[in-house]
Amino acid sequence: MPEMTSPVREDFLQVIENRTCPGVVVVNSKMEVIWADRRAWELCRAIGHDRTANRSGRQLPKVVQSFCEKALQLVKEDRKRISDTPVIRKIIEGTGGSLLVCGFGLPFNEDPQQSQLLLLIERIGRRGLAAAQQAKEIFKLTQREVEVVEQLLKGWSNKQIAYDLKLKEQTVKEHIQRIMAKTKSESRTGILARVLLL
């Protein structure tokens, strides 16, 4: 826990401990965790037990490690582009709900091998469902389209969405196409970014 310069009241400590901000992880090009906050480790534990260790002794779930490898490769391939948008995003199912992982490249132009990756990991449960309802108003979505967005926020495939909503898979694809048009997105991930960044 960070050092505090003055005593903090117990009720404030509870608020601090129960915050729902994202966890933050920084990974270097050798896939070593060079910094992570406590929230990030809590969320990593919720992702799964299939962890892989690195030299620092810290462990990331395998799905997060493969996410990092892909993101770092993208950073190395496009190191001249400086952007405040994530290089890559992924929704991962965990215990207690879905998690959104966003990777931001921290390129080092002189030596691409020194590039780093900033990960933000956050729960999307209630926030995502509230955002889906807000998207209904902003993007003029139908109730059925909102239901599809809610399933997308869970990271479900078209087949899973079709089964849950008792629709044909082709109908789900058509809903997603209409949602992409209304949100001016080019992909499922684009839809999620537009909805979650409201």
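This report walks through the fold of a predicted model, from the sheet to the helices and two individual residues.

Some ground rules come before the details. Local features here need pLDDT of at least 70, and side-chain atom pairs count only at pLDDT 80 or more, while totals for chains, interfaces and linings use all residues. Residues are numbered from 1 along each chain as its sequence is written, and side-chain values use heavy atoms, with hydrogens and water left out.

**Overview**

The protein chain has eight helices and seven strands. Helices (H or I, at least four residues) and strands (E, at least two) are DSSP runs, numbered from the N terminus. Of the chain's 198 residues, 39% count as buried; buried means under 20% relative accessible area, exposed over 50%, and partly exposed in between (1.4 Å probe, protein chains only). Take the contacts between residues at least 6 apart in sequence, and 47% of them join residues at least 24 apart. A contact means heavy atoms within 4.5 Å.

**The sheet**

Five strands make an open sheet in the order S2-S1-S7-S6-S5, with antiparallel pairing. At its edges sit strand S2 (33-36) and S5, each pairing on one side only. The twist averages 20° from one strand to the next. Two strands pair if DSSP finds at least two bridges between them. Here are three of the pairs, each with one pair of facing residues.

| Strand pair | Sense | Bridges | Facing residues |
|---|---|---|---|
| S1 and S7 | antiparallel | six bridges | Val25 and Leu119 |
| S6 and S7 | antiparallel | eight bridges | Cys102 and Leu120 |
| S5 and S6 | antiparallel | seven bridges | Glu93 and Ser98 |

Helix H2 packs on this sheet, touching S1, S2, S5, S6 and S7, and its direction makes about 70° with that of S7. H3 packs on the sheet as well: it touches S1, S5, S6 and S7, and its direction makes about 180° with that of S5. Axes are lines fitted to C-alpha atoms, for helices over the stretch in contact, and angles run from 0 to 180 degrees between N-to-C directions.

Back at the sheet's edge, the hairpin of S5 and S6 has two residues between the strands, and Gly96 takes a positive phi near 85° there.

**Helix H3**

H3 covers residues 62-77, so to speak a run of 16 residues, and reaches 23 Å from its first C-alpha to its last, close to the 22 Å expected at 1.5 Å a residue. That expected span is 1.5 Å times one less than the number of residues. Its buried residues are Val64, Phe67, Cys68, Ala71, Leu72 and Val75. Seen down the axis of H3, they fall within an arc of 130°, so they line one face of the helix. The arc is that of the directions from the helix axis to the C-beta atoms. Lys70 and Glu77, on the other side of H3, are exposed.

What covers the buried residues of H3? The cover includes strand S1 (23-28), helix H2 (38-47), strand S4 (59-61), strand S5 (88-94), strand S6 (97-106) and strand S7 (116-123).

**Helices H6 and H7**

Helix H6 (residues 158-165) and helix H7 (residues 169-183) pack at an angle of about 110°, with their axes 8 Å apart. H6 and H7 are therefore roughly perpendicular to each other; angles under 35 degrees count as roughly parallel, over 145 as roughly antiparallel, 65 to 115 as roughly perpendicular and the rest as oblique. H6 brings Asn158, Lys159, Ile161 and Ala162 to the contact, and H7 brings Glu169, Val172, Lys173 and Ile176.

**Two residues up close**

Leu141 lies in the loop between helix H4 (125-139) and helix H5 (143-153). Is Leu141 buried or exposed? Leu141 is buried, with a relative accessible area of 6%. Leaving aside residues up to four places away in sequence, Leu141 touches Ala135, Lys136, Val146, Val149, Ile179 and Lys182. Leu141 and Thr183 are 42 residues apart in sequence, yet 9.2 Å apart in space, C-alpha to C-alpha.

Arg144 is found in helix H5 and is partly exposed, with a relative accessible area of 30%. With residues up to four places away in sequence not counted, Arg144 touches Leu165, Leu167 and His175. Arg144 and His175 are 31 residues apart in sequence and 8.1 Å apart in space, C-alpha to C-alpha.
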